[in-house]
Amino acid sequence: MSPFFTREFFRLVYRPGHYAQKTALFLRRSVDRLSLVLGRADYDLLFVYREAFPIGPPWLERLLARPGCPPIVYDFDDAVFLPNTSEANRVISFLKYPHKVDTIVEKSAMVIAGNDYLAGYARRHNGRVTVIPTCVDTDQFVPRSSAPSDSHDRRLVFGWIGSQTTASYLEALGPVLTRVNRARPFELRVAGAGRDLRFDGVTVSNVTWSLSDEVALFNTCDVGVYPLTDDEWAKGKCGFKAIQFMACGVPVVASAVGVNREIIDDGVNGFLASSEDEWVEKLTRLADDPALRRRMGDAGRQRIEERYSLRVNAPRMADALRSALHRPNGRS
């Protein structure tokens, strides 16, 4: 496993400025990446997630796809073929070259897409495409061992867990959160935004995200919120945070966009919302009804176990890898 973005680099890359440090780390990682090309004959198969090199045309993938090289399996779970650059790195957006994804897909022995929207794009460039949804280990992501108190006086916790690049979705939900809080005060727990967020009248707890505490963090929430905008980029998203909340038995209200419509059966294992009024109405219903929260949490957990668990999807991934190995340009 050789990620381009190490933990050190990933912590830095979304911070504004720091261009000298970013450049030094980028050059160091580029040298390491070149060593992969030189040693490619040591591998039976190359698994590429999103891209092998983060900027510029697909020169590295072209080298890795030359005759005699191991077959490439390409996996992506975002609409990386669309222009999209974080605000922190807007100055170098011209280096992103999203059109290179066309070539990477074309030269892959197998393409794994996280949802049908992404698969539809991939099939325009390669007929060997399989859909494997984003999934979680349901032995690790489990509901909390004891149910929270259902006292009406207890302040509920609404939770959002995301990243610096998705914090804008939560910020756009501000009017909804303010309206719900006026009727039913709650605490909003925010993790991963990269900065402290504030909403009018709402008690906000900005907490630090860590991988080791991730499951516990999901389980501190009574209701999860998963807002998105209705655009092409959002259609490529694979609902990871909604899946994690549901695996932990936490009921979710999500934007009625893209794959969310497949993950969530509205009113059964969660809620979908398409307008401000729908968001307010559905969050308020969950806030006021502990039995509804429990019922939806249980149904959400069941949905993840049946369709989005590692146990269900790991064999499908293994089949995809075997299929790539046994193609004419693969190795048996």
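This passage walks through the overall make-up of the chain, one enclosed helix, a packed helix pair, the salt bridges and a few individual residues.

The model is predicted, so local features are held to a pLDDT of at least 70 and side-chain atom pairs to 80 or more, while totals for chains, interfaces and linings use all residues. Numbering runs from 1 along each chain as its sequence is written, and side-chain values rest on heavy atoms, with hydrogens and water left out.

The protein chain holds 14 helices and 10 strands, taken as DSSP runs (H or I of at least four residues for helices, E of at least two for strands) and numbered from the N terminus. Of its 332 residues, 48% are buried; here buried stands for under 20% relative accessible area, exposed for over 50% and partly exposed for what lies in between, using a 1.4 Å probe and protein chains only. Contacts (heavy atoms within 4.5 Å) were also sorted by sequence separation. Among those between residues at least 6 apart in sequence, 67% join residues at least 24 apart.

Helix 10 (residues 240-247) is a good place to look for burial. Seven of its eight residues are buried, so the rest of the structure largely encloses this helix. The buried ones are K241, A242, I243, Q244, F245, M246 and A247. Their cover includes three strands and three helices by name: strand 5 (156-161), strand 8 (223-226) and strand 9 (252-255), along with helix 8 (214-218), helix 11 (260-263) and helix 13. After helix 10 comes G249, with a positive phi near 75°.

Next comes a helix pair. Two packed helices are described by the angle between their axes and the distance between the axes. For helix 12 and helix 13, the angle is about 105° and the axes are 5 Å apart; the axes are lines fitted to C-alpha atoms over the stretch in contact, and angles between N-to-C directions run from 0 to 180 degrees. The two helices are therefore roughly perpendicular, given that 65 to 115 degrees carries that label, under 35 counts as roughly parallel, over 145 as roughly antiparallel and the rest as oblique. Helix 12 brings R285, L286, A287 and D288 to the contact, and helix 13 brings P290, L292, R293 and M296. By class, that contact has five nonpolar, no polar and three charged residues. In this scheme Ala, Val, Leu, Ile, Met, Phe, Trp, Tyr, Cys and Pro are nonpolar, Asp, Glu, Lys and Arg are charged, and the others, Gly among them, are polar.

On to charge pairing. With a salt bridge taken as a side-chain nitrogen of Lys or Arg within 4 Å of a carboxyl oxygen of Asp or Glu, the count comes to 18. One of them pairs D288 with R184, at 3.6 Å from N to O. This pair ties together distant parts of the chain, 104 residues apart: D288 sits in helix 12 (residues 276-288), and R184 in the loop between helix 7 (174-183) and strand 6 (186-191). D288 is partly exposed at 44% relative accessible area, whereas R184 is buried at 8%.

Other bridges stay within a helix. In helix 12, R285 pairs with E281, their closest N and O atoms lying 3.6 Å apart. These two are four residues apart, which puts about one helical turn between them. Both ends are partly exposed, R285 at 40% and E281 at 36%. An α-helix has 3.6 residues a turn, so residues three or four places apart point the same way. Helix 13 (residues 290-307) has a pair with this four-residue spacing too, E305 and R301, with closest N and O atoms 3.1 Å apart. E305 is partly exposed at 36%, while R301 is buried at 13%. Elsewhere, shared partners join R50, D77, D78 and K237 into one salt-bridge network.

R50 has another feature: its phi is positive, about 70°, although the residue is not a glycine. R50 lies in the loop between strand 1 (46-49) and helix 3 (59-64) and is partly exposed at 24%.

As for disulfides (pairs of cysteine sulfur atoms within 2.5 Å), the count is zero. Among the cysteines, C69 is buried at 11% and C135 is partly exposed at 24%.

Finally, A273 belongs to strand 10 (residues 271-273) and is buried, at 3% relative accessible area. Its C-alpha lies 5.0 Å from that of S255, 18 residues away in sequence. Leaving aside neighbours within four places in sequence, A273 contacts V253, A254, S255, A256, E278 and W279.
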